[in-house]
Number of protein chains: 2
Amino acid sequence: MSDASPRRRGRPARAAGDTAPGARERILETARTEFAERGYDKTSVRGIAKAAGVDPALVHHYFGTKDEVFAAAIEVSFEPALVVPAILDGPREEVGERLARFFVGVWENPATRAPLLAVIRSAVTHEAAATVLRNFVLRRLLERIAAGLAVPDPRLRAELAASQMIGIVILRYVVRVEPLASADPERIVADVAPTLQRYLTEA
Amino acid sequence: MSDASPRRRGRPARAAGDTAPGARERILETARTEFAERGYDKTSVRGIAKAAGVDPALVHHYFGTKDEVFAAAIEVSFEPALVVPAILDGPREEVGERLARFFVGVWENPATRAPLLAVIRSAVTHEAAATVLRNFVLRRLLERIAAGLAVPDPRLRAELAASQMIGIVILRYVVRVEPLASADPERIVADVAPTLQRYLTEA
């Protein structure tokens with residue numbers, strides 16, 4: 001095979017489409033699938049580029065390091081710039097319910113659940129994924145919510161709220177214990193909302 | 001080297017001590033160390049036997065399968081036959097606090113924390129360890145507590161209580177987010193006790 005032959009498999013040759021509009025979205029979508037299917041550790045920038053049909057340099061250009069690609073891939077699910085104000089907007093005594101409903105909604109949707117499962121699984125065993133969890137979910141989402149409520153100890157409150165949600169994730173979506181795994185999502189919202197409310201707003 | 005030469009390394013020759021009183025405890029102690037240091041998956045009955053200086057058949061004789069060795073090794077920390085009545089004994093409105101204090105005590109003690117960390121880490125990624133978590137911690141400890149309180153849905157309540165405790169374990173002891181990781185144990189008890197109380201006793 002000469003260098004000039006079309007390469008349908010392996011690392012694709014650079015194409016005009018690499019920098020076309022849509023390449024960024026395609027990389028993100030591919031990254032989500034790769035992280036979800038292969039796990040955090042076995043996913044590489046090179047692998048994402050290959051699956052998306054772009055040059056690895058383009059992935060670095062748009063997103064930076066693997067951790068940053070990952071953060072961007074899960075940010076699609078969360079969109080903290082939209083989510084934080086939406087959760088803060090409304091009666092203060094219902095912020096726990098709004099957060100619980102958002103949380104359950106993200107996890108009940110298979111498209112957003114899969115990449116999050118990958119980071120949760122990896123965070124428990126690998127420092128790099130733990131850092132993503134720490135920096136992204138805690139700092140960018142929950143701490144901003146706690147800060148928006150103007151309560152003392154916003155970081156500790158954010159972590160306590162996160163602890164309850166992570167525990168539900170582990171038992172309902174990862175280990176799948178019954179009856180929790182099959183419980184109606186609204187039941188989970190009703191059970192967890194008062195816990196989040198207390199952590200976020202009470203003394 | 002002839003077969004008769006003393007083997008100081010590798011699988012030890014059978015010794016009179018194999019079935020002496022103390023062998024069972026030595027196996028258990030070794031199992032806890034092995035599970036803690038090597039993780040659930042990389043620990044084998046053969047490896048435990050070797051490290052304890054006994055024949056693998058003796059490990060099987062005392063405990064059965066690897067899962068059963070593991071359950072016995074963590075049962076040493078929990079002793080459900082003692083713990084369940086102790087947590088149920090006392091004012092009903094303080095059962096959440098008694099459970100929270102027991103939970104934090106087990107996790108603050110490095111000797112009991114290490115083997116539990118191994119199962120939590122593995123439970124998130126491996127079905128066998130998840131089953132141990134499910135059968136042991138949930139069924140033998142938390143469900144008995146919920147059943148002792150004579151409330152509806154004891155299994156779901158046990159799982160909700162477990163979810164809060166597992167989330168604290170992940171963020172405080174595994175991922176070690178700050179300030180949660182360095183918070184005073186009594187602060188954790190105070191924060192988590194009302195959550196456990198509500199899950200275990202309220203509608």
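Start by selecting helix α1 of chain A, residues 23-42, where A:E34 and A:R38 both lie, four residues apart, or about one turn of the helix. Show the two side chains as sticks, and you will find that A:E34 and A:R38 meet in a salt bridge, with 3.8 Å from N to O. Keep in mind throughout the tour that what you have open is a predicted model. Over all chains, the count of salt bridges comes to 16.

Next, select residues 44-63 of chain A, which an unreviewed UniProt entry annotates as "DNA-binding region". Colour this stretch by secondary structure: the chain is 80% helix and 0% strand over residues 44-63, and the C-alpha atoms at its two ends are 13 Å apart.

Now bring both chains into view. A turn of 180 degrees, with a shift of 0.0 Å along the axis, lays chain A on chain B with an RMSD of 0.0 Å. That is the relation of a two-fold axis. To find where the axis passes, select A:G167, whose C-alpha is the one in chain A nearest the axis, at 2.0 Å from it.

With the axis located, turn to the interface, and select the residues of each chain that touch the other: 37 residues of chain A are in contact with 37 residues of chain B. Of the interface residues of chain A, 100% are also interface residues in chain B, so the copies meet through the same surface.

How much area do chain A and chain B bury between them? The value is about 3200 Å², and 64% of it lies on carbon and sulfur atoms. Within chain A, select A:V124, A:L156 and A:V175, the residues that lose the most area to chain B and that together make up 17% of what that side buries.

For the polar side of the interface, select A:D153 and B:R187, whose side chains meet in a salt bridge with 3.5 Å from N to O. Two salt bridges are found across the interface of chain A and chain B, and the count of residue pairs in polar contact between these chains is 13, with both residues at pLDDT 80 or more.

Which helices of chain A should be selected to see the side that touches chain B? At least two residues of that side come from each of α7 (110-123), α8 (127-148), α9 (154-174) and α10 (185-201). Of these, α9(A) gives the largest share of the side of chain A that touches chain B, with 13 residues. If you colour the side of chain A that touches chain B by residue class, you will see 21 nonpolar, five polar and eleven charged residues.

The last stops concern backbone geometry. Select A:E178 and A:P179, which are joined by a cis peptide bond with omega of about 15 degrees; A:P179 has its place in the loop between α9 and α10 of chain A. Then move to chain B, where a cis peptide bond joins B:E178 and B:P179, with omega of about 10 degrees, and where B:P179 is found in the loop between α9 (154-174) and α10 (185-201).

Finish at B:D153, in the loop between α8 (127-148) and α9 of chain B. Its backbone deserves a look, as phi of B:D153 is near 50 degrees, a positive value in a residue other than glycine.

Terms used:
Residues are numbered from 1 along each chain as its sequence is written. Chains are lettered from A and ligands numbered from 1 in the order in which they are written. This is a predicted model: local features need pLDDT of at least 70, side-chain atom pairs count only at pLDDT 80 or more; totals for chains, interfaces and linings use all residues. Side-chain values use heavy atoms; hydrogens and water are left out. UniProt positions are given in the numbering used here, feature names are shortened, and annotations may be inferred rather than shown by experiment. Copies are superposed by least squares on the C-alpha atoms of residues with pLDDT of at least 70 in both. Contact means heavy atoms within 4.5 Å. Buried area is the accessible area (1.4 Å probe) that two parts lose on being put together, summed over both. A salt bridge is a side-chain nitrogen of Lys or Arg within 4 Å of a carboxyl oxygen of Asp or Glu. A polar contact is a pair of N or O atoms within 3.5 Å; within protein, one must be able to donate a hydrogen and the other to accept it, and residues adjacent in sequence count only if both atoms are side-chain atoms. Ala, Val, Leu, Ile, Met, Phe, Trp, Tyr, Cys and Pro count as nonpolar, Asp, Glu, Lys and Arg as charged, and the others, Gly among them, as polar.
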